[in-house]
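I opened my notebook to look over one protein model. My plan is to go from the whole chain to single residues.

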Amino acid sequence: MGGRGGLSLLTAESACSGSLLDLFVVALSGAETSTTGLLVAGETAPVVGTRQAVVDSDGFVVGVIEIACVEVAALRDVPLTHAIAE
């Protein structure tokens, strides 16, 4: 980590960019326990065990996300505990 290249991981996509992305990257501590994504019709859900590189706005790899659990649910069925954890 900490440089470009060297890892053969897909890059994690984020809705953030620029300085907002950098703030997100600074917040990485390993304590994130929950996140939400939108599963578009025709796409497949992420696979448990998949790893993705987290890059800052300069394109440097600053972390790795590993998918530990995948649950597919309608937004109305997402538990409050998940929303708070995110």
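**Entry 1: surface**

How much area does the protein expose, and what share of it do carbon and sulfur atoms supply? I looked it up: the protein exposes about 6,700 Å². Carbon and sulfur atoms supply 58% of that area. I also noted that this is a predicted model.

Next I looked for buried residues. They make up 13% of the 86 residues in the protein.

I then found a nonpolar patch on the surface. Leu39, Val48, Val70 and Val72 make it, and its area is about 330 Å². I checked where Val48 sits. It lies in the loop between helix H1 (18-27) and strand S2 (51-55).

**Entry 2: confidence**

How far does the predictor trust this model? The average pLDDT of the protein is 74. I read that 63% of the residues score at least 70. Among the elements, H2 has the highest mean pLDDT, at 83, and H1 has the lowest, at 58. Over residues 1-5 the pLDDT is below 50. That stretch still has 11 contacts in the model beyond near neighbours in sequence. I kept a caution in the margin: where pLDDT is low, predicted coordinates should not be read in detail.

**Entry 3: layout**

I listed the secondary structure. The protein has 2 helices and 3 strands. From the N terminus on, the order is β-α-β-β-α.

I also checked how far apart in sequence the contacting residues are. I took contacts between residues at least 6 apart in sequence, and 63% of these join residues at least 24 apart.

**Entry 4: S2 and S3**

Which way do S2 and S3 run, and how many bridges join them? They run antiparallel, and 5 bridges join them. I picked out one pair: valine 55 has valine 61 in S3 as its bridge partner. The hairpin of S2 and S3 has 5 residues between the strands. One residue in this hairpin, glycine 59, takes a positive phi near 85°.

I then looked at valine 54, which is found in strand S2. Is valine 54 buried or exposed? Valine 54 counts as buried, because its relative accessibility is 4% and the cut-off for buried is under 20%. I also noted its distance to isoleucine 65. The two are 11 residues apart along the chain, and their C-alpha atoms are separated by 6.9 Å.

**Entry 5: the salt bridge**

How many salt bridges does the structure hold? I found 1. Glutamate 66 forms a salt bridge with arginine 51, and the closest N and O atoms are 3.4 Å apart. Glutamate 66 lies in strand S3 and arginine 51 in strand S2, so the pair ties together parts 15 residues apart in sequence.

I checked the exposure of both partners. Glutamate 66 is partly exposed, with a relative accessible area of 46%. Arginine 51 also counts as partly exposed, at 48% relative accessibility.

**Entry 6: isoleucine 67**

My last stop was isoleucine 67. It is found in the loop between strand S3 (61-66) and helix H2 (80-85). Why does isoleucine 67 count as buried? Its relative accessibility is 17%, and buried means under 20%.

What does isoleucine 67 touch, not counting residues up to four places away in sequence? I listed Pro46, Val47, Val48, Gly49 and Thr50. I had met Val48 before, in the nonpolar surface patch.

I noted one more distance. Isoleucine 67 and glutamine 52 are 15 residues apart in sequence, and 8.4 Å apart in space, C-alpha to C-alpha.

Conventions. Residues are numbered from 1 along each chain as its sequence is written. This is a predicted model: local features need pLDDT of at least 70, side-chain atom pairs count only at pLDDT 80 or more; totals for chains, interfaces and linings use all residues. Side-chain values use heavy atoms; hydrogens and water are left out. Patches are made of residues with over 30% relative accessible area and no salt bridge: like charges are joined within 9 Å, nonpolar side chains (Val, Leu, Ile, Met, Phe, Trp, Tyr) within 5 Å. Accessible areas come from the Shrake-Rupley method with a 1.4 Å probe; for residues, only the protein chains shown count as cover. A salt bridge is a side-chain nitrogen of Lys or Arg within 4 Å of a carboxyl oxygen of Asp or Glu. Helices (H or I, at least four residues) and strands (E, at least two) are DSSP runs, numbered from the N terminus. Buried means under 20% relative accessible area, exposed over 50%, partly exposed in between (1.4 Å probe, protein chains only). Contact means heavy atoms within 4.5 Å. pLDDT is the predictor's confidence in each residue, from 0 to 100. Two strands pair if DSSP finds at least two bridges between them.
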